[in-house]
Amino acid sequence: MLLFILAYLGGVLTILSPCILPVLPFVFARAGRPFLTNGLPMLIGMALMFMIVASLAAVGGGWAVEANQYGRAIALALLAVFGLALLFPAFADRLMRPLVAFGARLSQRADTQGSGFWPSLLLGVATGLLWAPCAGPILGLVLTGAALQGASAGTSLLLLAYALGSATSLGLALVVGGRLYAAMTRSLRIGEWVRRAGGAAVLIAVAAIATGLDTGFLTRASLAGTNRIEQGLLDRVQGPRSSTQTASVLGDEGAMPPLDGAIAWLNSPPLSREELRGKVVLVDFWTYSCINCLRALPYVKAWSQKYRKDGLVVIGVHAPEFAFEKNVANVRKAVADLGIDYPVAIDNNYAIWRAFDNHYWPAHYFIDAKGRIRHHHFGEGDYAGSERIIQMLLAEADGATLSPQDTVTIEGRGIEAAPGADIQSPETYIGYDRLQRWASRPEVSPNRLTRYSAEPKSLNEWGLAGVWTMGAEAAVAAEPGARIVYRFHARDLHLVLSPNSAGHPVRFRVTIDGAPPGDDHGVDTDSNGNGVVSEERLYQLVRQEGPVRERVFEVEFLDPGVQAFSFTFG
């Protein structure tokens, strides 16, 4: 129930976001008409259509994305006709008689006949096909859960709650706008001009959406964001993303969930919570292309080796973020390359993930010898505090009093090195499902070969150049010379990449501010910026030696077929 309330509140907050701007003309075009028969049905149609489209898109249905492209075209045409009808009554009289049910003519008569329910509902459905709200922390949580757990009634209801929250705030704005409209028409007698202005605004919005101008504006908009408010709401309900509990008396977070559902186990036969009773257990949720997981990994390995003889069992639960991480052979190779010798459960179906109600990579759960979860830690950091928890639980299991012990000291190298101190660039996904800060032309064409030009002008904007196919979770380069450009501010830049579909290596060349990286090259490039994508993993392409500042990164792929998934920074 709390998650439904959060989803609803997240929707309410969209009225403060610039992402709502493209649909405002369609909503306010119903101002001045009876709310129950015009504004309300439009908002209902908008909410229902968003729920349907977002539910399908969340589970990665490519066919649904294609269908939505046709739906958007139909919606744009319908709304353009609606705008023309508002502008030119004669046009509506001559051309809209056969299509009265579609709303243009009836919307003109709604003031006197009150018969605009079905036309308004239809216009709401059309608006819902065009609406793409910003994916803040709350909507991101819902969409990530949908992608992990698949289609379900719960997913759709959460999306509906989000859409209804948006409809609520828009409805309040529409009621206020309707009263303002009525006051203007009574006092100034300019109802006809106001109606025509609304029609012009609708046509401008249709043109902006059709040409992609709205996307370019929203990537640069600096209006009030809601991410901080949303994250505050999530932290109040779920707790903050990291925990620094080091008190001598630990809490009790419930019984350890079962470890059932893994499709395979590495370094061990399948383990159960029953046979682990009497052991102190550390469960580490990770995935091998996650930079945060890789930076925490040296500590997890060190704890396993240091305390194994004392009764600690470390279990890595590999829960994939990208499709290629579901390949057991890929995970097995990563486990060997990373030197992991403790048991690893392959949780491709997220059964263990759901059992723990987990939401983060990495996530560490500390379980005592009685099978009770006593502590958790989300994300990187506080390694000394986490090791103290292990020491306390081992002392409890032996019935002994904890005596002071040293904690491990790790100096990570390469990708595993601790992050820098001045990181101003966030993790950035390249697929259209979680697209943000896009700065290419034209607008994204899902699952279609498209030639793009990159135009990142502000910090953290990025784009594609050359011919690419943009998929739900990755972009695929269709020809040699395809490039990715990112304006970033961090010491390290990493990119999750995969070779072409036939498994052939893909050569690439990196530049920083238009020049070879020199001493600022990463572990996967040389000083001239050259490197090769030979396997599906995270690649470190930049590690700056000097002062960290805003830079323009560019990678050019010399062979076709590379798949690019996400940027991370350190």
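**Figure 1. Overview of the predicted chain.** Among contacts (heavy atoms within 4.5 Å) between residues at least 6 apart in sequence, 75% join residues at least 24 apart. This is a predicted model, in which local features need pLDDT of at least 70 and side-chain atom pairs count only at pLDDT 80 or more, while totals for chains, interfaces and linings use all residues. Residues are numbered from 1 along each chain as its sequence is written, and side-chain values use heavy atoms, with hydrogens and water left out. The chain holds 16 helices and 18 strands, which are DSSP runs numbered from the N terminus, helices being H or I over at least four residues and strands E over at least two. Of its 570 residues, 52% count as buried, where buried means under 20% relative accessible area, exposed over 50% and partly exposed in between, with a 1.4 Å probe and protein chains only. The exposed area is about 24300 Å², of which carbon and sulfur atoms supply 58%; accessible areas come from the Shrake-Rupley method with a 1.4 Å probe, and for residues only the protein chains shown count as cover.

**Figure 2. Confidence along the chain.** The mean pLDDT, the predictor's confidence in each residue on a scale from 0 to 100, is 77 for the chain, and 66% of the residues reach 70 or more. Among the elements, helix H6 (residues 104-113) has the lowest mean value, 40, and strand S12 (residues 482-488) the highest, 97. Over residues 212-225 the pLDDT is below 50, and this stretch has 26 contacts in the model beyond near neighbours in sequence. Residues 239-248 also stay under 50, with 25 contacts beyond four places in sequence. Where pLDDT is low, the predicted coordinates should not be read in detail.

**Figure 3. The open six-stranded sheet.** Its strands follow the order S1-S4-S3-S2-S5-S6 with mixed pairing, two strands being paired if DSSP finds at least two bridges between them. Strand S1 (264-266) and strand S6 (373-378) stand at the edges with a single partner strand each, so one side of each is left without a neighbour in the sheet. Neighbouring strands of this sheet are turned by 20° against each other on average, direction ignored. Strand S5 (residues 363-367) pairs with S6 in the antiparallel sense over five bridges, and within S6 it is histidine 377 that stands opposite histidine 364. In the loop between helix H15 (351-355) and S5 lies proline 362, whose peptide bond from tryptophan 361 is cis, with omega near -15°.

**Figure 4. Helix H16 across the sheet.** Helix H16 (residues 383-398) lies across strand S2 (280-286), strand S3 (312-318), S5 and S6, and runs at about 20° to S5; the axes are lines fitted to C-alpha atoms, for helices over the stretch in contact, and angles run from 0 to 180 degrees between N-to-C directions. Its end C-alpha atoms are 23 Å apart, which agrees with the 22 Å that its 16 residues should span at 1.5 Å a residue. The buried residues of H16, among them Tyr383, Ile389, Met392 and Leu394, pack against S2, helix H13 (291-307), S3, S5 and S6. Just after H16, glycine 399 takes a positive phi of about 70°.

**Figure 5. Leucine 294 and its surroundings.** Leucine 294 has its place in helix H13 and, at 6% relative accessibility, counts as buried. Leaving aside neighbours within four places in sequence, leucine 294 is in contact with Tyr288, Leu338, Ile415 and Glu416. The C-alpha atoms of leucine 294 and leucine 538, residues that stand 244 apart along the chain, are separated by 9.7 Å.

**Figure 6. Strand S13 between its two partners.** Seven of the seven residues of strand S13 (residues 492-498) are buried, with Asp492, His494, Val496 and Ser498 on one side and Leu493, Leu495 and Leu497 on the other. Six bridges join S13 to strand S16 (residues 537-543) in an antiparallel arrangement, where leucine 493 has valine 542 as its bridge partner. Six bridges also join S13 to strand S18 (residues 563-569), again antiparallel, and serine 566 of S18 stands opposite valine 496.

**Figure 7. Backbone details in three loops.** Most residues other than glycine have a negative phi, and most peptide bonds are trans. Asparagine 460, in the loop between strand S9 (449-454) and strand S10 (462-470), has a positive phi of about 75° and is buried, with a relative accessible area of 10%. Aspartate 513, between strand S14 (506-512) and strand S15 (530-533), has a phi near 55° and is partly exposed at 42% relative accessible area. The peptide bond from arginine 441 to proline 442 is cis, with omega near -5°.

Key. The expected span of a helix is 1.5 Å times one less than its number of residues.
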